[in-house]
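Please follow the walk-through below with the model open beside the text. The route starts from a single residue and widens to the whole chain.

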Amino acid sequence: MEFEDVVRGRRMVRTYDPDRPVGREVLGQILDLAVRAPSAGFSQGWDFVVLSTPEQVERFWGATAPGEGEADRWLRGMRTAPALILCLSDRNAYLDRYAEPDKGWTDRDEARWPVPYWDVDTGMASMIILLAAVDAGLAGCFFGVPPERREAVLTTFAIPADRRIVGVISLGHPPAPGTDRRSPSLRRGRRGVEEVSHEGTFGNPFRP
């Protein structure tokens, strides 16, 4: 499948075929591509917690789902995903790396970083997971963990406290046509290239 087809032809889904699991071999191939994402100083400050059995997936939803009331449509759909990947960033990997002799920032001062590249790089690896999943015939969705549920997820899966949950990717086979709910946010429309691309100076639209 061509890259353009992957980007143009698929979107994030919120419902999956619950009767078709994602094979471990496919998950391994997807992760093998993810770890090839770029990272500042080749720090590679990311970790991925793979949940691929019904018991593992249910433990995640048990740690994150509201304790009272009926699950909404989004949650009911997402819970059909047979596999989840928790994408974690490791800030200390970057602070340690840039305190090494070839970088020279011996004080490990986080203020030296204009943006948290540990999160940026983990986000790029996450995008590779999504693209690789689509290329493998799967569907996926990237979503976040509510701040008030973060500690429960860390505890449930024995994740070190210094890791940050950048996001979670649900993976599975796409559902039957017409059974997935499109995000209402799509009504906002996509911003065009000429609206977001600037040539030379900000405000001067880039026109191919």
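A polar atom of the H173 side chain lies 3.5 Å from the backbone oxygen of P21. The side chain of H173 also makes a polar contact with the side chain of R20, at 3.3 Å; a polar contact is a pair of N or O atoms within 3.5 Å, where within protein one must be able to donate a hydrogen and the other to accept it, and residues adjacent in sequence count only if both atoms are side-chain atoms. This is a predicted model, in which local features need pLDDT of at least 70 and side-chain atom pairs count only at pLDDT 80 or more, while totals for chains, interfaces and linings use all residues. Residues are numbered from 1 along each chain as its sequence is written, and side-chain values use heavy atoms, with hydrogens and water left out.

H173 is found in the loop between β4 (163-172) and α8 (193-196). Helices (H or I, at least four residues) and strands (E, at least two) are DSSP runs, numbered from the N terminus. With a relative accessible area of 14%, H173 is buried, where buried means under 20% relative accessible area, exposed over 50%, and partly exposed in between (1.4 Å probe, protein chains only). Not counting residues up to four places away in sequence, H173 touches Y16, D17, R20, P21, G137 and L138; contact here means heavy atoms within 4.5 Å.

One of these partners, G137, leads to helix α6. G137 comes just after α6 and takes a positive phi of about 85°. Helix α6 itself covers residues 117-135, 19 in number, and reaches 27 Å from its first C-alpha to its last. That is close to the 27 Å expected at 1.5 Å a residue, the expected span being 1.5 Å times one less than the number of residues. The buried residues of α6 are W118, D119, D121, T122, A125, S126, I129, L130, A132, A133 and V134.

W118 gives a link to strand β2, where D90 is found. D90 touches G45, W118, D162 and R163, leaving out residues up to four places away in sequence. At 11% relative accessibility, D90 counts as buried. Its C-alpha is 9.4 Å from that of I165, although D90 and I165 are 75 residues apart in sequence.

Strand β2 (83-90) is also among the elements that the buried residues of α3 pack against, the others being β1 (46-51), α4 (73-78), β3 (139-143), α7 (150-156) and β4. Which residues of α3 (residues 54-64) are buried? They are V57, F60, W61, A63 and T64. Because these residues cover an arc of only 160° around the axis, they sit on the same side of α3; the arc is that of the directions from the helix axis to the C-beta atoms. The face of α3 turned away from its buried side carries the exposed residues P54 and G62.

In the loop between β1 and α3 is S52. S52 counts as buried at 18% relative accessibility, and is in contact with R24, L27, P82 and A83, leaving aside its neighbours within four places in sequence.

Two loop residues call for a look at their backbone angles. Most residues other than glycine have a negative phi. Q44, in the loop between α2 (24-34) and β1, has a positive phi near 55°. R108, in the loop between α5 (91-97) and α6, has a positive phi of about 55° although it is not a glycine. Q44 is partly exposed, with a relative accessible area of 33%, and R108 is partly exposed as well, at 32%.

As for cysteines, C87 is buried with a relative accessible area of 0%, and C141 is buried with 3%. The structure holds zero disulfides, a disulfide being a pair of cysteine sulfur atoms within 2.5 Å.

Taken as a whole, the protein has eight helices and four strands. From the N terminus on, the elements run α-α-β-α-α-β-α-α-β-α-β-α. Of the 208 residues, 38% count as buried. Among contacts between residues at least 6 apart in sequence, 77% join residues at least 24 apart. The protein exposes about 12500 Å², of which carbon and sulfur atoms supply 52%; accessible areas come from the Shrake-Rupley method with a 1.4 Å probe, and for residues only the protein chains shown count as cover.
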